[in-house]
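Let's take a walk through this structure together, starting with the chain as a whole and then moving in to single residues. Keep the viewer open as you read.

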Amino acid sequence: MKLIDRKFLDCPFYGVERMTAWLNRDMGHWLNTKRVRRLYRVMNLRAIYPKRNLSKATAAHYKYPYLLKGLQIDRPGQVWQADITYIPMFRWIFRCKLHHHSAG
């Protein structure tokens, strides 16, 4: 239980299957999935994972207006766009893109 607790603090996204594989492969403790599942239940551990409908907007969510509607883009550097994307990995990584829209 101490090994599971210590590893779960480092990697809270490890579910039962992944924790079982880690215990068997890396630590040399041969446990089956049912035992690790029971220990998760006893220790009240639940893995962190993206929930269903994560990207759906709620009814109260404000919808921003499209500010470029009807705007004639006729010169370079008139319109810029920025985008920040979070990519979930072992440690969080984010990527920032900057787009330049030119005429033509």
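Of the 104 residues in the chain, 16% are buried. Please keep in mind that this is a predicted model. Its secondary structure amounts to three helices and two strands, and, read from the N terminus, these elements follow the order α-α-α-β-β. As for contacts with a separation of 6 or more, 37% of them are between residues 24 or more positions apart.

A good place to zoom in is the pairing of two helices. Helix α1 covers residues 2-10 and helix α3 covers residues 33-43; they pack at an angle of about 75°, and their axes are 11 Å apart. Angles from 65 to 115 degrees count as roughly perpendicular, and α1 and α3 are therefore roughly perpendicular to each other. Which residues make the contact? From α1 come Ile 4, Asp 5 and Phe 8, while α3 brings Leu 39, Tyr 40 and Met 43. Sorted by class, the contact of α1 with α3 has five nonpolar residues, one charged residue and no polar ones.

Stay with helix α1 for a moment, since Lys 7 also lies there. Lys 7 is buried, yet it has no salt bridge. The nearest side chain of opposite charge belongs to Asp 10 and is 5.6 Å away, whereas a salt bridge calls for a nitrogen and an oxygen within 4 Å. What does Lys 7 touch, once its neighbours within four places in sequence are left aside? Its contacts are Tyr 14, Met 19 and Trp 22.

Next, turn to helix α2, where you will find Asn 24. Is Asn 24 buried or exposed? Its relative accessible area is 16%, so Asn 24 is buried. Not counting residues up to four places away in sequence, Asn 24 touches His 29, Trp 30 and Leu 31.

Leu 31 deserves a visit of its own. This residue sits in the loop between α2 (16-27) and α3. Because its relative accessibility is 23%, Leu 31 counts as partly exposed; the buried class is reserved for values under 20%. Beyond its neighbours within four places in sequence, Leu 31 is in contact with Thr 20, Leu 23, Asn 24 and Val 36. You can also check a backbone distance here: Leu 31 and Ala 21 are ten residues apart along the chain, and their C-alpha atoms are separated by 8.9 Å.

Finally, let's look at charge pairs. How many salt bridges does a search of the whole structure find? It finds two. In one, the side chains of Arg 25 and Asp 26 meet, with 3.3 Å from N to O. Arg 25 is exposed, as its relative accessible area is 60%, while Asp 26, at 46%, is partly exposed. In the other, Arg 75 pairs with Asp 74, and the closest N and O atoms are 3.9 Å apart. Here Arg 75 has 49% relative accessibility and so counts as partly exposed, whereas Asp 74, at 52%, counts as exposed. The cut-off between these two classes is 50%.

Methods:
Residues are numbered from 1 along each chain as its sequence is written. This is a predicted model: local features need pLDDT of at least 70, side-chain atom pairs count only at pLDDT 80 or more; totals for chains, interfaces and linings use all residues. Side-chain values use heavy atoms; hydrogens and water are left out. Axes are lines fitted to C-alpha atoms, for helices over the stretch in contact, and angles run from 0 to 180 degrees between N-to-C directions. Helices (H or I, at least four residues) and strands (E, at least two) are DSSP runs, numbered from the N terminus. Angles under 35 degrees count as roughly parallel, over 145 as roughly antiparallel, 65 to 115 as roughly perpendicular and the rest as oblique. Contact means heavy atoms within 4.5 Å. Ala, Val, Leu, Ile, Met, Phe, Trp, Tyr, Cys and Pro count as nonpolar, Asp, Glu, Lys and Arg as charged, and the others, Gly among them, as polar. Buried means under 20% relative accessible area, exposed over 50%, partly exposed in between (1.4 Å probe, protein chains only). Lys and Arg count as positive and Asp and Glu as negative; His and the chain ends are not counted.
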